Amino acid sequence: MDRRSFLAGSAAMASTLWAMRAARAAPLTFGSGSIESISDGTLTLPIGFVLPGQSPEEISDLFQPHGLATDALRPDCNVTLLRLPDRTVLFDAGSGANFQPTAGKLLEGLEAAGLTPADITDVVFTHGHPDHLWGVLDDFGDPLFTSARHWVPQGEWDYWRAEDTLANTPEERKSFVAGAQTRLDAIADQVEMVTAGMEVLPGVEAVSTLGHTPGHMSYMLHAGSESLLVTGDAISNSVISFERPDWHSGTDQDPVLGAKTRMALLDRIASERTRILGYHLPHPGLGMAERKGTAYRFVPA
Ligand SMILES: [Zn+2]
């Protein structure tokens with residue numbers, strides 16, 4: 001087998017595996033609707049970017065029992081799909097085509113779920129980072145979800161669009177700001193603001209979880225006595241966030257507030273035994289937090 005046919009074969013196999021994986025996660029019944037995790041693909045985040053304050057020994061001590069590679073994290077990206085009798089809701093929109101080549105697969109997952117972008121009635125955003133917002137436009141730069149209302153946390157809208165944000169952002173992240181501004185401008189006619197505690201849609205409660213970004217929002221979904229928290233990036237890794245929630249994350253724009261928010265949220269979901277769906281937890285991202293000593297462990301569920 002030459003290199004070319006090997007690569008073609010690998011690509012075919014990767015797309016078959018992708019299809020199997022996309023088809024695998026079955027919807028959860030939730031009240032009179034359902035919840036499903038749609039994969040947007042994966043990202044690669046160098047470890048020095050994720051944990052700038054930790055020594056290689058500390059990282060390897062934490063990662064080794066889990067068999068995790070110590071060079072980079074390769075997180076999944078899980079978009080929550082909530083189907084209600086009269087609404088079809090996405091939480092975040094994935095990366096689109098212009099962020100990392102392994103991400104931006106949302107449309108394939110939606111197709112496997114029998115949906116087109118025009119079927120989506122609401123897109124509810126946790127925050128404005130590229131892997132959550134940039135998938136909101138099509139390849140021509142036009143809004144992809146043509147019939148949808150786009151719910152944006154007021155704090156995110158204000159922060160990304162403020163005149164001084166670009167100047168106050170480190171060089172390596174300036175593209176995040178320019179990218180967010182382009183997308184938010186393009187969807188402006190379809191935007192509705194989200195504020196903390198508001199009932200965005202029936203049974204969808206906005207829960208303020210600041211730190212990862214200045215206006216980050218999580219969403220508690222309610223149906224009768226059932227509930228599920230869509231965490232966004234307030235809890236972002238199944239090992240680090242749970243076992244060392246106090247460690248400062250380089251992905252958090254305010255690492256001190258990010259850690260404080262994460263610890264409070266873990267305490268709440270462990271006490272209330274709330275199921276979560278985490279954007280970057282192992283696909284499909286569903287699970288719970290169990291107390292382990294002074295910290296937690298992630299239990300897929
Ligand atoms: Zn993210």
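Is Asp92 buried or exposed in this predicted model? Asp92 is buried, with a relative accessible area of 1%. The views below return to this residue and then visit its surroundings.

**View 1. Two residues with a positive phi, Asp92 and Arg273.**
Most residues other than glycine have a negative phi. Asp92 goes against that habit: its phi is positive, about 75°, although it is not a glycine. Look for Asp92 in the loop between β6 (87-91) and α4. Arg273 is not a glycine either, and its phi is near 50°, again a positive value. This residue sits in the loop between α9 and β14. The surroundings of the two can be told apart by their accessible area: Asp92 is buried at 1%, whereas Arg273 is exposed at 54%. Asp92 counts as buried because its value is under the 20% cut-off, and Arg273 counts as exposed because its value is over 50%.

**View 2. The stretch that UniProt marks as a domain, residues 76-280.**
The name in the record, which is an unreviewed entry, is "domain: Metallo-beta-lactamase". Follow the chain from one end of this span to the other and you will find that the end C-alpha atoms lie 5 Å apart. Helix makes up 27% of the span and strand 25%.

**View 3. The largest nonpolar core, with 32 residues.**
Which residues touch the most other members of this core? They are Leu90, Ile120, Val123, Val136 and Phe145. Several elements, including β5 (76-84), α4 (106-112), α6 (154-161) and α7 (174-187), each supply at least two residues. The biggest share comes from α7, which gives five residues. A separate core of 22 residues lies apart from this one, and among its members are Val124, Val200, Leu201 and Val204.

**View 4. Leu90 and its contacts.**
Here the neighbours within four places in sequence are set aside, so that you can see who else meets Leu90. Its contacts include Val79, Thr80 and Leu81. Leu106 and Leu110 are also among them, as are Ile120, Asp122, Val123 and Val124. Phe145 is another residue in contact with Leu90.

**View 5. Helices α6 and α7 crossing.**
Two packed helices are described by the angle between their axes and the distance between the axes. For α6 and α7, the axes come within 9 Å and cross at roughly 120°. The crossing of α6 past α7 is left-handed. Which residues of α6 meet α7? They are Trp157, Trp160 and Arg161. On the α7 side, they meet Phe176, Val177, Ala180, Gln181, Leu184 and Asp185.

**View 6. An open sheet of seven strands.**
Strands of a sheet pair through backbone hydrogen bonds, either parallel or antiparallel. This sheet has mixed pairing, and its order is β10-β11-β12-β13-β14-β15-β16. At its edges are β10 (199-201) and β16 (295-300), each pairing on one side only. From one strand to the next, the twist averages 35°. Helix α9 (residues 255-272) lies across β11, β12, β13, β14, β15 and β16, and runs at about 95° to β15.

**View 7. From β11 to β13, strand by strand.**
β11 (residues 204-208) pairs with β12 (residues 217-223) in the antiparallel sense over five bridges, and Ser208 stands opposite Met217. β12 and β13 are also antiparallel, over five bridges, with Leu221 opposite Leu228. These two strands form a hairpin with two residues between them. In that turn, Gly224 has a positive phi of about 60°. As for β13 itself, five of its seven residues are buried.

**View 8. From β13 to β15, and a cis peptide bond.**
How many bridges join β13 and β14? There are four, and the pairing is parallel. Leu228 stands opposite Arg275, and Gly232 opposite Gly278. Next along, β14 and β15 pair in the antiparallel sense over two bridges, with Ile276 facing Gly287 as its opposite residue. In the loop between β14 and β15 you will find Pro284. Most peptide bonds are trans. The bond from His283 to Pro284 is cis, with omega near 10°.

Notes:
Residues numbered from 1 in each chain as written. Predicted model: local features only at pLDDT ≥ 70, side-chain atom pairs only at ≥ 80, totals over all residues. Heavy atoms only, no water. UniProt positions renumbered as here; feature names shortened; annotations may be inferred. Pairing = 2+ DSSP bridges. Axes fitted to C-alpha atoms, helices over the stretch in contact; angles between N-to-C directions. Contact = heavy atoms within 4.5 Å. Core = buried A, V, L, I, M, F, W, Y, C linked by side-chain atoms within 4.5 Å. Buried < 20%, exposed > 50% of the residue type's maximum accessible area, 1.4 Å probe, protein only. Left-handed = near helix turned anticlockwise from the far one by under 90°.
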